[in-house]
Amino acid sequence: MTAPLMEDTVAGTFDHRGHPAKRSASGGWRSAYFIIGTEVAERFGYYGIEANLVNYLTGSLGQSTAMAARNVNTWFGIATLMPLMGAFLADSYIGRYRSILIASLLYILGLGMLTMSAVFSSHNPHDFHHTQNIMSSSPSHLQILFFFISLYVVAIAEGGHKPCTQAFGGDQFDENHPQECRAKSSFFNWWTFFVFIGISVVPCITMVFALLLFLLGTTTYRYGIKREVKNPFTGISKVFVAAARNRKISFSSEKAIEEGAQGALSQEGSSEFRFLNKALLEPNCLEEDGQASSINGVEEAKAVLRLFPIWATCLVYGIVHAQISTFFTKQGVTMDRTIGSSFEIPSASLKSFASVTIVLFIPIYDLIFVPFATILTRTPSGITMLQRIGIGMFLSTMSIAITALIEMKRLKTAQQHGLIDMPNVTVPMRVWWLVPQYILFGISDVFTMVGLQEFFYDQVRSELKSVGVALYLSIFGVGSLLSSFLIFVIEKATGRDGHDSWFNDNLNMAHLDYFYWLLSCLIALGLTFYIHFAKPYNYNNGRSAP
(Lines give C-alpha, C1' and ligand atoms only; values in the text may rest on other atoms or scores of the structure.)
Protein backbone atom coordinates (compact mmCIF):
# COMPACT_ATOMS: atom_id res chain seq x y z
CA MET A 1 0.00 0.00 0.00
CA THR A 2 2.92 2.34 0.57
CA ALA A 3 4.32 2.31 -2.99
CA PRO A 4 1.14 3.53 -4.77
CA LEU A 5 0.75 6.24 -2.14
CA MET A 6 4.30 7.45 -2.70
CA GLU A 7 3.79 7.46 -6.49
CA ASP A 8 0.72 9.71 -6.06
CA THR A 9 2.69 12.22 -3.95
CA VAL A 10 4.32 15.22 -5.62
CA ALA A 11 7.82 15.74 -4.21
CA GLY A 12 8.55 19.05 -2.52
CA THR A 13 4.90 20.18 -2.18
CA PHE A 14 2.10 20.05 0.39
CA ASP A 15 -1.64 20.70 0.36
CA HIS A 16 -3.76 23.22 2.29
CA ARG A 17 -3.73 20.97 5.37
CA GLY A 18 0.05 20.72 5.43
CA HIS A 19 0.10 17.11 4.21
CA PRO A 20 2.16 15.93 1.21
CA ALA A 21 0.30 17.00 -1.96
CA LYS A 22 -1.35 14.16 -3.93
CA ARG A 23 -1.21 14.34 -7.71
CA SER A 24 -4.74 12.98 -8.01
CA ALA A 25 -6.27 15.58 -5.70
CA SER A 26 -4.23 18.74 -6.20
CA GLY A 27 -2.43 20.89 -8.74
CA GLY A 28 -2.56 20.56 -12.51
CA TRP A 29 -5.29 22.20 -14.56
CA ARG A 30 -7.88 21.78 -11.79
CA SER A 31 -5.97 24.39 -9.75
CA ALA A 32 -4.70 26.42 -12.69
CA TYR A 33 -8.28 27.27 -13.73
CA PHE A 34 -8.91 29.01 -10.39
CA ILE A 35 -5.68 30.99 -10.66
CA ILE A 36 -6.29 31.94 -14.29
CA GLY A 37 -9.83 33.05 -13.36
CA THR A 38 -8.37 35.18 -10.57
CA GLU A 39 -5.99 36.87 -13.00
CA VAL A 40 -8.75 37.46 -15.58
CA ALA A 41 -10.88 39.25 -12.99
CA GLU A 42 -7.87 41.31 -11.85
CA ARG A 43 -7.19 42.31 -15.47
CA PHE A 44 -10.74 43.67 -15.71
CA GLY A 45 -9.83 46.32 -13.19
CA TYR A 46 -6.32 47.02 -14.41
CA TYR A 47 -7.15 47.46 -18.10
CA GLY A 48 -10.21 49.50 -17.21
CA ILE A 49 -7.80 52.02 -15.67
CA GLU A 50 -5.01 51.79 -18.25
CA ALA A 51 -7.18 52.09 -21.36
CA ASN A 52 -8.94 55.27 -20.23
CA LEU A 53 -6.19 56.95 -18.21
CA VAL A 54 -4.68 59.17 -20.93
CA ASN A 55 -8.12 60.51 -21.94
CA TYR A 56 -9.04 61.11 -18.29
CA LEU A 57 -5.82 63.05 -17.67
CA THR A 58 -6.19 65.23 -20.78
CA GLY A 59 -9.93 65.65 -20.28
CA SER A 60 -11.08 65.71 -16.64
CA LEU A 61 -7.69 66.79 -15.23
CA GLY A 62 -6.82 69.14 -18.12
CA GLN A 63 -3.23 67.96 -18.69
CA SER A 64 -1.35 68.42 -21.96
CA THR A 65 -0.94 65.43 -24.29
CA ALA A 66 2.79 65.10 -23.55
CA MET A 67 2.33 65.43 -19.78
CA ALA A 68 -0.52 62.90 -19.78
CA ALA A 69 1.59 60.46 -21.80
CA ARG A 70 4.49 60.86 -19.35
CA ASN A 71 2.17 60.33 -16.36
CA VAL A 72 0.65 57.21 -17.91
CA ASN A 73 4.08 55.82 -18.75
CA THR A 74 5.41 56.63 -15.27
CA TRP A 75 2.47 54.97 -13.54
CA PHE A 76 2.66 51.93 -15.81
CA GLY A 77 6.42 51.77 -15.32
CA ILE A 78 6.19 51.83 -11.53
CA ALA A 79 3.26 49.37 -11.56
CA THR A 80 5.36 46.88 -13.54
CA LEU A 81 8.52 47.44 -11.49
CA MET A 82 6.78 46.96 -8.13
CA PRO A 83 6.56 43.18 -8.81
CA LEU A 84 10.32 43.01 -8.22
CA MET A 85 9.72 44.05 -4.60
CA GLY A 86 6.57 41.92 -4.33
CA ALA A 87 8.37 38.87 -5.70
CA PHE A 88 11.28 39.36 -3.31
CA LEU A 89 8.92 39.46 -0.30
CA ALA A 90 6.89 36.50 -1.58
CA ASP A 91 9.84 34.25 -2.38
CA SER A 92 11.84 35.16 0.72
CA TYR A 93 9.31 35.70 3.52
CA ILE A 94 5.55 35.70 2.90
CA GLY A 95 4.94 32.99 0.32
CA ARG A 96 3.01 33.31 -2.95
CA TYR A 97 -0.42 32.34 -1.64
CA ARG A 98 -0.40 34.89 1.20
CA SER A 99 1.05 37.55 -1.10
CA ILE A 100 -1.90 37.13 -3.47
CA LEU A 101 -4.35 37.50 -0.58
CA ILE A 102 -2.74 40.68 0.76
CA ALA A 103 -2.34 42.21 -2.70
CA SER A 104 -5.99 41.47 -3.57
CA LEU A 105 -7.21 43.31 -0.49
CA LEU A 106 -4.94 46.26 -1.29
CA TYR A 107 -6.19 46.18 -4.89
CA ILE A 108 -9.82 46.42 -3.73
CA LEU A 109 -8.86 49.41 -1.54
CA GLY A 110 -7.15 51.21 -4.42
CA LEU A 111 -9.97 50.58 -6.91
CA GLY A 112 -12.51 51.74 -4.34
CA MET A 113 -10.54 54.94 -3.81
CA LEU A 114 -10.40 55.52 -7.58
CA THR A 115 -14.17 55.12 -7.75
CA MET A 116 -14.58 57.73 -5.00
CA SER A 117 -12.16 60.04 -6.82
CA ALA A 118 -14.20 59.82 -10.03
CA VAL A 119 -17.43 60.48 -8.11
CA PHE A 120 -15.91 63.55 -6.42
CA SER A 121 -14.69 64.89 -9.77
CA SER A 122 -18.08 64.41 -11.41
CA HIS A 123 -19.74 66.38 -8.59
CA ASN A 124 -17.24 69.23 -8.56
CA PRO A 125 -19.17 72.25 -7.15
CA HIS A 126 -17.48 74.50 -9.67
CA ASP A 127 -19.43 72.72 -12.44
CA PHE A 128 -22.60 74.50 -11.33
CA HIS A 129 -21.15 77.93 -12.06
CA HIS A 130 -22.13 78.88 -15.57
CA THR A 131 -19.02 80.58 -16.79
CA GLN A 132 -16.94 80.47 -19.90
CA ASN A 133 -13.74 80.15 -17.93
CA ILE A 134 -12.74 76.51 -18.41
CA MET A 135 -10.48 76.56 -15.36
CA SER A 136 -13.49 77.05 -13.10
CA SER A 137 -14.50 73.44 -13.64
CA SER A 138 -11.05 71.99 -13.06
CA PRO A 139 -10.60 69.69 -10.03
CA SER A 140 -8.99 70.96 -6.86
CA HIS A 141 -5.41 70.10 -5.85
CA LEU A 142 -6.82 67.86 -3.10
CA GLN A 143 -8.89 65.89 -5.61
CA ILE A 144 -5.90 65.49 -7.94
CA LEU A 145 -3.72 64.35 -5.02
CA PHE A 146 -6.38 61.83 -3.91
CA PHE A 147 -6.64 60.52 -7.48
CA PHE A 148 -2.90 59.91 -7.84
CA ILE A 149 -2.65 58.34 -4.37
CA SER A 150 -5.44 55.95 -5.38
CA LEU A 151 -3.68 55.23 -8.65
CA TYR A 152 -0.41 54.31 -6.95
CA VAL A 153 -2.14 52.17 -4.32
CA VAL A 154 -3.23 50.05 -7.29
CA ALA A 155 0.38 50.07 -8.54
CA ILE A 156 1.60 48.75 -5.17
CA ALA A 157 -1.09 46.06 -5.19
CA GLU A 158 0.00 45.11 -8.70
CA GLY A 159 3.47 44.48 -7.27
CA GLY A 160 2.22 41.69 -5.05
CA HIS A 161 -0.47 40.26 -7.29
CA LYS A 162 1.05 40.04 -10.75
CA PRO A 163 4.24 38.01 -10.21
CA CYS A 164 2.76 35.67 -7.63
CA THR A 165 -0.40 34.58 -9.47
CA GLN A 166 1.53 33.56 -12.58
CA ALA A 167 4.33 31.86 -10.64
CA PHE A 168 1.81 30.15 -8.34
CA GLY A 169 -0.02 28.92 -11.44
CA GLY A 170 3.22 27.48 -12.85
CA ASP A 171 3.85 25.80 -9.48
CA GLN A 172 0.73 23.65 -9.99
CA PHE A 173 2.57 21.61 -12.66
CA ASP A 174 5.30 19.14 -11.74
CA GLU A 175 8.37 19.63 -13.94
CA ASN A 176 9.46 16.04 -13.27
CA HIS A 177 6.20 14.56 -14.57
CA PRO A 178 6.10 14.22 -18.42
CA GLN A 179 2.41 15.12 -18.89
CA GLU A 180 2.44 17.98 -16.38
CA CYS A 181 5.70 19.34 -17.81
CA ARG A 182 4.11 19.62 -21.27
CA ALA A 183 0.96 21.10 -19.76
CA LYS A 184 3.00 23.82 -18.05
CA SER A 185 4.27 25.13 -21.38
CA SER A 186 0.67 25.23 -22.64
CA PHE A 187 -0.39 26.93 -19.40
CA PHE A 188 1.45 30.15 -20.31
CA ASN A 189 -0.38 30.27 -23.67
CA TRP A 190 -3.83 29.79 -22.17
CA TRP A 191 -3.00 32.13 -19.30
CA THR A 192 -2.56 34.96 -21.80
CA PHE A 193 -5.63 33.82 -23.78
CA PHE A 194 -8.00 34.11 -20.82
CA VAL A 195 -6.35 37.25 -19.45
CA PHE A 196 -7.04 39.15 -22.67
CA ILE A 197 -10.66 38.00 -22.69
CA GLY A 198 -11.17 40.08 -19.56
CA ILE A 199 -10.61 43.72 -20.48
CA SER A 200 -13.48 45.93 -19.29
CA VAL A 201 -16.05 45.35 -16.52
CA VAL A 202 -16.67 47.38 -13.37
CA PRO A 203 -13.18 47.23 -11.76
CA CYS A 204 -13.87 47.16 -8.02
CA ILE A 205 -16.62 44.51 -8.19
CA THR A 206 -14.53 42.21 -10.36
CA MET A 207 -11.54 42.48 -8.03
CA VAL A 208 -13.75 41.27 -5.15
CA PHE A 209 -14.80 38.39 -7.41
CA ALA A 210 -11.11 37.70 -8.15
CA LEU A 211 -10.33 37.30 -4.45
CA LEU A 212 -13.35 35.02 -3.86
CA LEU A 213 -12.44 32.89 -6.88
CA PHE A 214 -8.86 32.52 -5.69
CA LEU A 215 -10.03 31.43 -2.22
CA LEU A 216 -12.37 28.84 -3.74
CA GLY A 217 -9.38 26.98 -5.14
CA THR A 218 -7.51 26.85 -1.81
CA THR A 219 -8.15 23.15 -1.17
CA THR A 220 -6.80 22.15 -4.60
CA TYR A 221 -3.48 24.02 -4.61
CA ARG A 222 0.00 22.60 -4.19
CA TYR A 223 2.26 24.66 -1.93
CA GLY A 224 6.04 24.57 -2.15
CA ILE A 225 7.80 23.35 1.00
CA LYS A 226 9.68 26.14 2.76
CA ARG A 227 13.12 24.60 3.00
CA GLU A 228 15.48 25.51 5.80
CA VAL A 229 17.91 27.32 3.57
CA LYS A 230 19.30 30.79 3.47
CA ASN A 231 17.61 33.56 1.52
CA PRO A 232 18.49 32.92 -2.18
CA PHE A 233 19.12 36.64 -2.69
CA THR A 234 21.68 36.58 0.11
CA GLY A 235 23.56 33.68 -1.48
CA ILE A 236 23.68 35.32 -4.92
CA SER A 237 24.69 38.73 -3.57
CA LYS A 238 27.42 37.08 -1.48
CA VAL A 239 28.95 35.66 -4.67
CA PHE A 240 29.21 39.11 -6.27
CA VAL A 241 30.67 40.63 -3.09
CA ALA A 242 33.21 37.81 -2.75
CA ALA A 243 34.22 38.07 -6.41
CA ALA A 244 34.69 41.83 -6.04
CA ARG A 245 36.91 41.34 -2.98
CA ASN A 246 39.07 38.82 -4.81
CA ARG A 247 39.23 40.77 -8.09
CA LYS A 248 43.03 41.24 -7.79
CA ILE A 249 43.73 37.53 -7.42
CA SER A 250 46.63 36.21 -9.49
CA PHE A 251 46.05 34.25 -12.71
CA SER A 252 47.66 31.08 -11.34
CA SER A 253 45.34 31.04 -8.32
CA GLU A 254 42.34 31.68 -10.55
CA LYS A 255 43.32 28.74 -12.76
CA ALA A 256 43.66 26.53 -9.70
CA ILE A 257 40.15 27.49 -8.62
CA GLU A 258 38.72 26.49 -11.99
CA GLU A 259 40.58 23.18 -12.05
CA GLY A 260 39.39 22.36 -8.55
CA ALA A 261 35.79 23.18 -9.41
CA GLN A 262 35.66 21.43 -12.80
CA GLY A 263 33.73 18.52 -11.38
CA ALA A 264 31.03 20.67 -9.81
CA LEU A 265 30.65 23.56 -12.24
CA SER A 266 28.65 22.92 -15.40
CA GLN A 267 30.55 22.33 -18.64
CA GLU A 268 30.24 25.93 -19.75
CA GLY A 269 30.11 27.26 -16.19
CA SER A 270 33.83 27.43 -15.50
CA SER A 271 34.60 29.52 -18.61
CA GLU A 272 31.49 31.73 -18.57
CA PHE A 273 31.68 34.88 -16.39
CA ARG A 274 35.05 33.68 -15.08
CA PHE A 275 35.39 36.62 -12.70
CA LEU A 276 32.68 35.07 -10.50
CA ASN A 277 34.82 31.94 -10.02
CA LYS A 278 36.99 34.04 -7.72
CA ALA A 279 34.15 33.92 -5.19
CA LEU A 280 35.13 30.30 -4.50
CA LEU A 281 38.10 31.57 -2.49
CA GLU A 282 35.97 33.61 -0.11
CA PRO A 283 36.44 32.07 3.38
CA ASN A 284 32.98 33.14 4.58
CA CYS A 285 31.37 31.12 1.81
CA LEU A 286 32.74 27.86 3.19
CA GLU A 287 29.95 27.16 5.63
CA GLU A 288 28.07 23.94 6.36
CA ASP A 289 28.33 22.31 2.91
CA GLY A 290 31.81 23.67 2.31
CA GLN A 291 32.88 24.56 -1.20
CA ALA A 292 29.90 22.77 -2.80
CA SER A 293 27.55 25.37 -1.31
CA SER A 294 29.72 28.14 -2.74
CA ILE A 295 29.83 26.48 -6.18
CA ASN A 296 26.02 26.31 -6.21
CA GLY A 297 25.93 30.03 -5.41
CA VAL A 298 28.34 30.79 -8.27
CA GLU A 299 26.19 28.75 -10.68
CA GLU A 300 23.06 30.64 -9.56
CA ALA A 301 24.78 34.01 -9.93
CA LYS A 302 25.91 33.08 -13.44
CA ALA A 303 22.38 31.98 -14.34
CA VAL A 304 21.07 35.42 -13.32
CA LEU A 305 23.78 37.18 -15.32
CA ARG A 306 22.96 35.13 -18.41
CA LEU A 307 19.46 36.60 -18.32
CA PHE A 308 20.63 40.22 -18.32
CA PRO A 309 21.51 40.60 -22.07
CA ILE A 310 18.11 39.16 -23.03
CA TRP A 311 16.37 41.45 -20.53
CA ALA A 312 18.27 44.54 -21.70
CA THR A 313 17.76 43.98 -25.44
CA CYS A 314 14.01 43.50 -24.90
CA LEU A 315 13.62 46.89 -23.19
CA VAL A 316 13.00 48.62 -26.53
CA TYR A 317 10.01 46.29 -26.99
CA GLY A 318 8.71 47.67 -23.69
CA ILE A 319 9.19 51.23 -24.98
CA VAL A 320 7.14 50.50 -28.11
CA HIS A 321 4.50 48.66 -26.09
CA ALA A 322 3.93 51.76 -23.95
CA GLN A 323 2.55 53.72 -26.92
CA ILE A 324 -0.58 51.56 -27.22
CA SER A 325 -2.20 53.18 -24.18
CA THR A 326 -1.09 56.75 -24.93
CA PHE A 327 -0.50 58.13 -28.42
CA PHE A 328 -2.43 55.37 -30.20
CA THR A 329 -5.49 56.36 -28.17
CA LYS A 330 -5.00 60.08 -28.85
CA GLN A 331 -4.68 59.38 -32.59
CA GLY A 332 -8.08 57.71 -32.53
CA VAL A 333 -9.68 60.74 -30.86
CA THR A 334 -8.94 62.91 -33.91
CA MET A 335 -10.40 60.46 -36.49
CA ASP A 336 -13.90 59.60 -37.66
CA ARG A 337 -15.16 57.03 -35.14
CA THR A 338 -18.86 57.05 -36.03
CA ILE A 339 -20.90 53.95 -36.79
CA GLY A 340 -24.21 54.74 -38.43
CA SER A 341 -25.71 58.16 -37.85
CA SER A 342 -25.15 58.67 -34.15
CA PHE A 343 -23.02 56.03 -32.38
CA GLU A 344 -19.34 56.92 -31.82
CA ILE A 345 -16.70 54.39 -30.80
CA PRO A 346 -14.67 55.44 -27.70
CA SER A 347 -11.04 55.79 -28.74
CA ALA A 348 -9.87 53.83 -25.68
CA SER A 349 -11.86 50.80 -26.89
CA LEU A 350 -9.62 50.49 -29.97
CA LYS A 351 -7.16 48.60 -27.80
CA SER A 352 -9.68 45.77 -27.70
CA PHE A 353 -8.66 44.91 -31.27
CA ALA A 354 -5.26 43.85 -29.94
CA SER A 355 -6.92 41.86 -27.15
CA VAL A 356 -9.36 40.15 -29.51
CA THR A 357 -6.45 39.29 -31.82
CA ILE A 358 -4.61 37.65 -28.90
CA VAL A 359 -7.72 35.71 -27.90
CA LEU A 360 -8.21 34.44 -31.46
CA PHE A 361 -4.56 33.76 -32.25
CA ILE A 362 -3.47 31.86 -29.11
CA PRO A 363 -5.68 28.80 -29.82
CA ILE A 364 -4.30 28.80 -33.38
CA TYR A 365 -0.76 29.00 -32.00
CA ASP A 366 -1.22 26.31 -29.35
CA LEU A 367 -3.41 23.86 -31.27
CA ILE A 368 -2.16 24.26 -34.85
CA PHE A 369 1.19 26.06 -35.03
CA VAL A 370 2.91 24.18 -32.18
CA PRO A 371 2.05 20.63 -33.40
CA PHE A 372 3.03 21.53 -36.97
CA ALA A 373 6.30 23.20 -35.89
CA THR A 374 7.08 20.23 -33.61
CA ILE A 375 7.07 17.92 -36.63
CA LEU A 376 9.64 20.15 -38.35
CA THR A 377 11.87 21.04 -35.39
CA ARG A 378 11.29 18.05 -33.06
CA THR A 379 11.05 20.58 -30.22
CA PRO A 380 8.10 19.86 -27.84
CA SER A 381 7.05 23.52 -27.86
CA GLY A 382 7.42 23.87 -31.63
CA ILE A 383 10.02 26.61 -31.41
CA THR A 384 12.31 27.61 -28.55
CA MET A 385 11.41 30.36 -26.13
CA LEU A 386 14.07 32.70 -27.52
CA GLN A 387 12.95 32.08 -31.11
CA ARG A 388 9.40 32.93 -30.08
CA ILE A 389 10.51 36.20 -28.47
CA GLY A 390 12.56 37.18 -31.53
CA ILE A 391 9.67 36.58 -33.95
CA GLY A 392 7.45 38.81 -31.83
CA MET A 393 10.04 41.60 -31.82
CA PHE A 394 10.25 41.42 -35.62
CA LEU A 395 6.45 41.70 -35.88
CA SER A 396 6.54 44.66 -33.48
CA THR A 397 9.06 46.39 -35.76
CA MET A 398 6.68 45.95 -38.68
CA SER A 399 3.74 47.18 -36.60
CA ILE A 400 5.36 50.45 -35.51
CA ALA A 401 6.50 51.10 -39.10
CA ILE A 402 2.90 50.66 -40.31
CA THR A 403 1.78 52.99 -37.51
CA ALA A 404 4.17 55.67 -38.80
CA LEU A 405 2.81 55.31 -42.36
CA ILE A 406 -0.81 55.61 -41.16
CA GLU A 407 0.04 58.70 -39.10
CA MET A 408 1.66 60.27 -42.17
CA LYS A 409 -1.60 59.66 -44.08
CA ARG A 410 -3.66 61.17 -41.23
CA LEU A 411 -1.51 64.33 -41.20
CA LYS A 412 -1.74 64.61 -44.99
CA THR A 413 -5.54 64.24 -44.85
CA ALA A 414 -5.77 66.97 -42.20
CA GLN A 415 -3.62 69.27 -44.35
CA GLN A 416 -5.64 68.60 -47.52
CA HIS A 417 -8.87 69.56 -45.76
CA GLY A 418 -7.42 72.66 -44.10
CA LEU A 419 -7.67 71.29 -40.56
CA ILE A 420 -4.15 72.05 -39.37
CA ASP A 421 -5.36 74.83 -37.05
CA MET A 422 -8.64 73.13 -36.18
CA PRO A 423 -7.80 70.42 -33.60
CA ASN A 424 -11.41 69.99 -32.44
CA VAL A 425 -12.68 69.12 -35.92
CA THR A 426 -12.71 65.43 -36.82
CA VAL A 427 -10.22 64.47 -39.52
CA PRO A 428 -12.21 62.87 -42.40
CA MET A 429 -10.34 59.58 -42.14
CA ARG A 430 -11.99 56.45 -40.77
CA VAL A 431 -10.60 55.11 -37.49
CA TRP A 432 -10.47 51.62 -39.03
CA TRP A 433 -7.12 52.64 -40.54
CA LEU A 434 -5.65 52.08 -37.07
CA VAL A 435 -6.90 48.48 -36.81
CA PRO A 436 -3.94 46.83 -38.65
CA GLN A 437 -1.40 48.23 -36.17
CA TYR A 438 -3.45 46.91 -33.22
CA ILE A 439 -3.78 43.48 -34.85
CA LEU A 440 -0.04 43.22 -35.52
CA PHE A 441 0.73 44.30 -31.95
CA GLY A 442 -1.66 41.60 -30.70
CA ILE A 443 0.10 38.91 -32.75
CA SER A 444 3.54 40.14 -31.63
CA ASP A 445 2.36 39.90 -27.99
CA VAL A 446 1.41 36.25 -28.52
CA PHE A 447 5.01 35.58 -29.49
CA THR A 448 7.09 37.98 -27.40
CA MET A 449 5.00 38.55 -24.27
CA VAL A 450 4.13 34.90 -23.71
CA GLY A 451 7.67 33.88 -24.66
CA LEU A 452 9.14 36.26 -22.09
CA GLN A 453 6.77 34.95 -19.41
CA GLU A 454 7.83 31.36 -19.94
CA PHE A 455 11.52 32.18 -20.44
CA PHE A 456 12.03 34.14 -17.21
CA TYR A 457 9.91 31.69 -15.21
CA ASP A 458 11.77 28.68 -16.59
CA GLN A 459 15.34 29.99 -16.31
CA VAL A 460 15.47 30.73 -12.57
CA ARG A 461 15.64 28.31 -9.64
CA SER A 462 12.40 27.17 -8.01
CA GLU A 463 12.80 29.50 -5.01
CA LEU A 464 12.93 32.51 -7.36
CA LYS A 465 10.01 31.82 -9.71
CA SER A 466 8.11 34.93 -8.59
CA VAL A 467 11.25 36.98 -9.18
CA GLY A 468 11.52 35.46 -12.66
CA VAL A 469 8.00 36.65 -13.47
CA ALA A 470 8.84 40.05 -11.96
CA LEU A 471 11.90 40.32 -14.21
CA TYR A 472 9.65 39.76 -17.22
CA LEU A 473 7.26 42.45 -16.00
CA SER A 474 10.12 44.85 -15.32
CA ILE A 475 10.90 44.89 -19.05
CA PHE A 476 7.61 46.73 -19.58
CA GLY A 477 8.11 48.82 -16.43
CA VAL A 478 11.57 50.06 -17.34
CA GLY A 479 10.50 50.36 -20.98
CA SER A 480 7.58 52.56 -19.97
CA LEU A 481 9.81 54.79 -17.83
CA LEU A 482 12.29 55.04 -20.70
CA SER A 483 9.40 56.01 -22.97
CA SER A 484 8.44 58.76 -20.52
CA PHE A 485 12.04 60.02 -20.47
CA LEU A 486 12.26 59.84 -24.27
CA ILE A 487 9.06 61.89 -24.64
CA PHE A 488 10.39 64.48 -22.17
CA VAL A 489 13.71 64.85 -24.04
CA ILE A 490 12.09 65.03 -27.49
CA GLU A 491 9.49 67.53 -26.31
CA LYS A 492 12.19 69.81 -24.90
CA ALA A 493 14.42 69.43 -27.96
CA THR A 494 11.74 69.96 -30.62
CA GLY A 495 9.53 72.48 -28.82
CA ARG A 496 12.11 75.14 -27.96
CA ASP A 497 12.53 78.54 -29.65
CA GLY A 498 8.82 78.70 -30.47
CA HIS A 499 8.79 75.60 -32.70
CA ASP A 500 5.99 73.05 -32.60
CA SER A 501 6.87 69.99 -30.54
CA TRP A 502 6.49 66.50 -31.99
CA PHE A 503 3.88 66.08 -29.23
CA ASN A 504 1.91 69.30 -29.75
CA ASP A 505 -1.53 69.21 -28.08
CA ASN A 506 -2.91 69.86 -31.57
CA LEU A 507 -2.01 66.50 -33.13
CA ASN A 508 -2.55 67.97 -36.60
CA MET A 509 0.52 70.14 -35.97
CA ALA A 510 2.45 67.43 -34.12
CA HIS A 511 4.77 64.86 -35.66
CA LEU A 512 3.97 61.53 -34.09
CA ASP A 513 5.09 60.00 -37.38
CA TYR A 514 8.68 61.11 -36.67
CA PHE A 515 8.43 59.57 -33.22
CA TYR A 516 7.13 56.29 -34.61
CA TRP A 517 9.93 56.10 -37.19
CA LEU A 518 12.43 56.68 -34.40
CA LEU A 519 10.89 53.82 -32.39
CA SER A 520 10.97 51.60 -35.48
CA CYS A 521 14.71 52.17 -35.82
CA LEU A 522 15.27 51.57 -32.10
CA ILE A 523 13.43 48.24 -32.01
CA ALA A 524 15.20 47.10 -35.20
CA LEU A 525 18.51 47.89 -33.51
CA GLY A 526 17.35 46.12 -30.34
CA LEU A 527 16.37 43.05 -32.37
CA THR A 528 19.85 42.95 -33.93
CA PHE A 529 21.51 42.91 -30.50
CA TYR A 530 18.93 40.43 -29.22
CA ILE A 531 19.80 37.93 -31.97
CA HIS A 532 23.49 38.39 -31.17
CA PHE A 533 22.98 37.44 -27.50
CA ALA A 534 20.24 34.83 -28.04
CA LYS A 535 22.15 32.62 -30.50
CA PRO A 536 24.87 31.44 -28.05
CA TYR A 537 22.53 31.32 -25.02
CA ASN A 538 22.61 28.07 -23.03
CA TYR A 539 19.36 27.16 -21.31
CA ASN A 540 19.53 26.00 -17.70
CA ASN A 541 18.34 22.56 -18.80
CA GLY A 542 21.43 22.19 -20.96
CA ARG A 543 19.95 22.97 -24.38
CA SER A 544 21.59 25.55 -26.60
CA ALA A 545 19.63 28.22 -28.41
CA PRO A 546 19.84 27.79 -32.18
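Four exercises on a predicted model follow, each with a worked solution.

Residues are numbered from 1 along each chain as its sequence is written, and side-chain values use heavy atoms, without hydrogens and water. Local features need pLDDT of at least 70 and side-chain atom pairs pLDDT 80 or more, while totals for chains, interfaces and linings use all residues.

**Exercise 1. Describe the protein as a whole.**

Step 1. Take the secondary structure. The protein has 17 helices and seven strands. Helices (H or I, at least four residues) and strands (E, at least two) are DSSP runs, numbered from the N terminus.

Step 2. Take burial. Of the 546 residues, 53% are buried. Buried means under 20% relative accessible area, exposed over 50%, and partly exposed in between (1.4 Å probe, protein chains only).

Step 3. Take the surface. The protein exposes about 24,800 Å², with 66% supplied by carbon and sulfur atoms. The areas come from the Shrake-Rupley method with a 1.4 Å probe.

**Exercise 2. Classify the ring pair Phe88 and Tyr93, then the pair Phe327 and Phe515.**

Step 1. Set the rule. Rings of Phe, Tyr and Trp (its six-membered ring) pair if their centres lie within 6.5 Å; planes under 30 degrees apart are stacked, over 60 edge-to-face, the rest tilted. The structure holds 32 such aromatic pairs.

Step 2. Apply the rule. Phe88 and Tyr93 have ring centres 5.8 Å apart and planes at 80°, so this pair is edge-to-face. Phe88 is partly exposed at 24% relative accessibility; Tyr93 is exposed at 55%.

Step 3. Turn to the other pair. Phe327 and Phe515 are edge-to-face, 5.8 Å centre to centre with 75° between the planes. This pair links helix H12 (residues 327-334) to helix H17 (residues 512-534), with Phe327 and Phe515 188 residues apart. Phe327 is buried at 0%, and Phe515 is buried at 0%.

**Exercise 3. Find the rings that carry a charge over them.**

Step 1. Set the rule: NZ of Lys or CZ of Arg within 6 Å of the ring centre and within 35 degrees of the ring normal.

Step 2. Check two lysines. The charged end of Lys409 sits over Trp433, 4.8 Å from the ring centre. Lys465 lies over the face of Tyr457 at 4.6 Å.

**Exercise 4. Sort the side chains of strand S7 by face, and name a bridge partner.**

Step 1. In a regular strand, side chains alternate between the two faces of the sheet.

Step 2. In S7 (residues 427-430), Val427 and Met429 point to one face and are buried; Pro428 and Arg430 point to the other and are not.

Step 3. S7 runs parallel to S4 (residues 335-336), joined by two bridges. Pairing needs at least two DSSP bridges. Met335 has Val427 as its bridge partner.
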